[in-house]
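Colleague: Could you walk me through the ring contacts and the pocket in this one? I have the coordinates open and am ready to follow along.

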Amino acid sequence: MSTSLKAPIASLYSPPPIRERPSSIAYRTRGRRHGPVTRLMSPSDLGEVLKPFVFLDLIDTDSKALSGFGLHPHSGITTVTHLFEGNVRYEDTTGASGLLPQGGVEWFKAGRGAWHGGGGGDSARVRGFQLWLALPPQHELGPVESIYQAPEDIAQDGPARILVGTHGTVTSALKAPSSINYLAVRLKAGESWRYQRPTNHTVAWAALSTGSVLVPDAIHAGELVAFEPSNEPLAFYASADTEFVLGSAVPHPHELVLGYYSVHTSPETLVAGERRIDEIRAHLQQKGRL
């Protein structure tokens with residue numbers, strides 16, 4: 001399930017308002033609402049600061065509002081969708097289709113080019129996040145990989161579900177293309193949690209779906225914050241029942257070259273990815289799918 005639209009990536013959204021903050025928070029934003037989703041990060045703003053994390057969409061809507069996301073293509077990226085509430089339908093050109101449940105994860109590594117789509121399931125509402133990861137050169141034209149995990153397949157360490165990467169002694173079953181951690185965390189009011197990022201993970205951010213936390217500055221539902229480059233631990237205190245996602249990584253040292261549906265590291269690999277996308281489009285048209 002994806003929230004991409006048929007328009008150049010770089011022009012889909014105007015950059016959200018971002019303002020500098022003291023303490024460990026470098027930037028914060030509430031993004032821009034577009035239909036049923038809020039785009040909190042894109043390559044034209046915090047995606048450049050936080051790469052390999054280049055897009056982040058917050059989905060919090062009536063399930064019927066997600067009915068219009070048909071098959072569409074990507075290349076050069078991996079999308080990671082996690083649902084805190086509700087369920088969504090999915091399908092992709094590897095042949096996979098089904099219902100992604102509450103607590104589940106969609107991992108769609110588009111690599112050299114693939115198509116996927118979906119929409120609302122049978123729940124009244126859907127709430128969760130879709131993240132896009134920029135792929136390094138050795139992966140951006142590699143094989144397509146789609147994995148759909150049930151909640152029981154996701155590793156957990158205390159209040160944190162390890163969607164990608166490692167936390168403590170727990171490692172996700174998903175194989176990240178570079179050194180990335182992506183966690184989903186639930187805290188009840190009054191609870192504390194400490195994230196010890198790997199020493200080389202100088203990129204870090206958090207985005208709240210519900211509630212509020214102190215780090216020590218307050219972060220509220222609907223906000224994304226980018227932390228200053230560091231390898232210091234992050235201490236969260238929940239001032240209300242809270243659900244959020246958190247990412248950290250080694251910085252992506254490559255340029256972001258943007259296409260209509262793609263993010264690559266060079267114009268040449270972008271051309272190759274979009275060529276493969278066109279080949280699949282022709283096949284889908286022959287089958288009457290487009």
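Colleague: Glad to start with β19: which residues are on its covered face?

Modeller: This is a predicted model, in which local features need pLDDT of at least 70 and side-chain atom pairs count only at pLDDT 80 or more, while totals for chains, interfaces and linings use all residues. Residues are numbered from 1 along each chain as its sequence is written, and side-chain values use heavy atoms, with hydrogens and water left out. Strands are DSSP runs of E with at least two residues, and helices are runs of H or I with at least four, numbered from the N terminus. In a regular strand the side chains alternate between the two faces of the sheet. In β19 the uncovered face has Ser192 and Arg194, and the covered one has Trp193 and Tyr195.

Colleague: Nice. Which residue is the bridge partner of Trp193 in β24?

Modeller: β19 and β24 run antiparallel and are joined by 4 bridges; strands pair if DSSP finds at least two bridges between them. Both Trp193 and its partner are buried (under 20% relative accessible area; exposed is over 50%, partly exposed in between; 1.4 Å probe, protein chains only). The bridge partner of Trp193 is Phe236.

Colleague: How many aromatic pairs does the structure hold?

Modeller: Rings of Phe, Tyr and Trp (its six-membered ring) pair if their centres lie within 6.5 Å; planes under 30 degrees apart count as stacked, over 60 as edge-to-face and the rest as tilted. One of the pairs is Phe84 with Phe129, edge-to-face at 6.4 Å centre to centre and 85° between the planes. The structure holds 11 aromatic pairs.

Colleague: And how far apart are the ring centres of Trp193 and Phe236?

Modeller: Trp193 lies in β19 and Phe236 in β24, so this pair ties together parts that are 43 residues apart in sequence. Ring pairs also link both residues into a cluster with Tyr195, Phe227 and Phe244. The planes are at 35°, so the pair is tilted, and the centres are 5.6 Å apart.

Colleague: Last one, for my docking eye: which element gives the most to the lining of the largest pocket?

Modeller: A pocket here is an open set of points on a 1 Å grid over the protein atoms alone where a 1.4 Å probe fits, with protein on both sides within 12 Å along at least five of seven lines; lining residues have an atom within 4 Å of a point. Among the 15 lining residues, Asp92, Thr93, Thr94, Ile280 and Leu284 are the closest to the centre of the largest pocket. Two or more lining residues come from each of β8 and α3. With 4 residues, the element that gives the most is α3.
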